[in-house]
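User: I'm new to reading protein structures and would like to practise on one. Could you take me through it by question and answer?

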Amino acid sequence: MSVSESEHNQLTTTMAAQQEETLLSRCEIPIIDLAHIGTDVCPMKSVVRRIGQQLFSALSTKGLAMLVNHGIAEEKLKAMYSDLDNFCALPEGCQAQYLRKPDSNHGYLRPGMEQFDTTKKELRHCYNITTLSPAAMPAQEEVPEFTQHAFPLAHDLTNLSKVLLQALAYAFGLTPATLLACHSGMLQGDGSNPSAMRLLYYPPVPPEDVGPCCQGDGVPYTRCGAHADSGTFTLLAQDSEGGLEVKLNGSDKWQAVGHLPGAILVQTGQLLAAWTTNLLPALMHRVVVPSGTYARARGRHCVAFFCHPDKDAALPTLPLRAAPIPAPPTFTPHTHLTFHHRLLNAAHHIQKRFRETYA
Ligand SMILES: O=C(O)CCC(=O)C(=O)O
Ligand SMILES: [Fe+2]
């Protein structure tokens, strides 16, 4: 069977992408096996303890880990990716009913409406889900299964976060209920907690020879500018398209994460960094546009879950020793200092972040 020249080029580009050196291909990301952990309401204590140690070690040395055997079926994620595609294909007028509401942070953001890097246009569609109220979701006539798929997935990610909070509590020398109690309002929709499930779709971009990094308007673009998330930790499930890059703790070099089928990435947020006096530093990350015509012609999907404490939670002092080495330059000194002074009121921090990143 003969292969046409364009098919051959496509295959070569795909193979090159697959052979890209990544943190995963170099075994530089800790992999944590959650098998036998139980559920958030009925956890297997000895396993949760062991996972707490592994998570603490991964987040303190690297800033991230890959979770496997977490119990969230790949099919649920794929169904959600396809619902988001259907939402993004709706006419703009129809999407407009669902635009993000600043008060609740719930709703849809068109490409360019959220910027981490103010020098570039960030090409992604986001749907933030902060309340599990059917009235706040795309109507069944518009995207038939959106709500039906989103709610169970949001429950799964909330429950996974609750198990991890119990594991971290053990590692901090606290009782497992201590961190749960500070995160009691996740996705309750009563405004008490800023946690969110976010659906992300990054559309294809033109080939490099059409314009290496600019649209017709000459404005440079990227997929997601460099930032650290603001909460306790973030869970990230991604498709296989790649593009996620991170700066590991203590390093100033951007490195590609790579893809581990079925795994969910967990990374430290700014609140946990401040809470642990930077013993667990926040992970800087970004999503770059891939090189090669084939990869650029494909969209990328991701589901993120941002785990935050309750806005009025009095965060307990952690019985931890101070960070042994100076912290990497994750925040500007101003942001860091301001944040420390306001640590007991996480709501101030999240409001500041929203003002900085939403157009
Ligand atoms: O798409 C991704 O992998 C990351 C998205 C992200 O970092 C964010 O929305 O905060
Ligand atoms: Fe992020």
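User: Where in the chain does Ser 195 lie?

Analyst: Keep in mind that this is a predicted model. To place Ser 195, look for the elements on either side of it. They are α6 (177–182) and β6, so that Ser 195 lies in the loop between α6 and β6.

User: Is Ser 195 buried or exposed?

Analyst: A residue counts as buried if 20 or more other C-beta atoms lie within 10 Å of its own. Ser 195 has 25 C-beta neighbours inside 10 Å, and therefore it counts as buried.

User: Which residues is Ser 195 in contact with, leaving aside its neighbours within four places in sequence?

Analyst: Two of the contacts are Met 186 and Leu 187. Of these, Leu 187 lies in the loop between α6 and β6. With the others added, the contacts of Ser 195 are Met 186, Leu 187, Phe 306, Cys 307 and His 308.

User: What is the phi of Leu 187?

Analyst: Here is some background: most residues other than glycine have a negative phi. Leu 187 has a positive value and is not a glycine. Leu 187 is also buried, because 20 other C-beta atoms lie within 10 Å. Its phi is near 55°.

User: And His 36, is that residue buried or exposed?

Analyst: His 36 sits in the loop between β1 (31–33) and α2 (45–61). His 36 is not a glycine, yet it has a positive phi of about 65°. A residue is exposed if 12 or fewer other C-beta atoms lie within 10 Å. His 36 has 12 of them, so His 36 is exposed.

User: How many residues of β14 are buried?

Analyst: Let's take the strand one side at a time. On one side Arg 300, Cys 302, Ala 304 and Phe 306 are buried. On the other side His 301, Val 303, Phe 305 and Cys 307 are buried, so both faces are covered, just as side chains of a regular strand alternate between the two faces of the sheet. The count of buried residues in β14 is eight of eight.

User: How many bridges join β6 to β14, and how many join β9 to β14?

Analyst: Both of these pairings run antiparallel. In the β6 pairing, Tyr 201 stands opposite His 301. In the β9 pairing, Ala 237 stands opposite Val 303. The numbers are seven bridges for β6 and six bridges for β9.

User: Which elements give two or more residues to the shell around ligand 1?

Analyst: Start with the residues that surround ligand 1: Arg 198, Leu 200, Cys 224, Asp 229, Leu 236, Gln 238, Leu 244, His 285, Val 287, Cys 302 and Ala 304. Sorted by element, those that give two or more residues are β6, β9, β13 and β14.

User: How many nonpolar, polar and charged residues does that shell have?

Analyst: Among the residues around ligand 1 are Leu 236, Gln 238 and Asp 229. Leu counts as nonpolar, Asp as charged, and Gln falls among the polar ones. Sorted this way, the shell has seven nonpolar, two polar and two charged residues.

User: Which strands stand at the edges of the open sheet that holds β13?

Analyst: This open sheet has four strands in the order β8-β13-β10-β11, with antiparallel pairing. An edge strand here has a single partner strand, so one side of it is left without a neighbour in the sheet. The strands at the edges are β8 and β11 (255–256).

User: Which residue of β13 is the bridge partner of both His 227 and Val 246?

Analyst: β8 (residues 224–227) is joined to β13 (residues 284–287) by two bridges, and β10 (residues 244–247) pairs with β13 over four bridges. The partner of His 227 in β13 is His 285. For Val 246, the partner in β13 is also His 285.

User: Why do the buried residues of α3 line one face of the helix?

Analyst: The buried residues of α3 are Leu 77, Met 80, Tyr 81, Asp 83, Leu 84 and Phe 87. Seen down the helix axis, they line one face because they fall within an arc of 165°.

Notes
Residues are numbered from 1 along each chain as its sequence is written. Chains are lettered from A and ligands numbered from 1 in the order in which they are written. This is a predicted model: local features need pLDDT of at least 70, side-chain atom pairs count only at pLDDT 80 or more; totals for chains, interfaces and linings use all residues. The arc is that of the directions from the helix axis to the C-beta atoms. Two strands pair if DSSP finds at least two bridges between them. Two residues are in contact if their C-beta atoms, placed from the backbone, lie within 7 Å. A residue is near a molecule or strand if its C-beta atom, placed from the backbone, lies within 6 Å of it.
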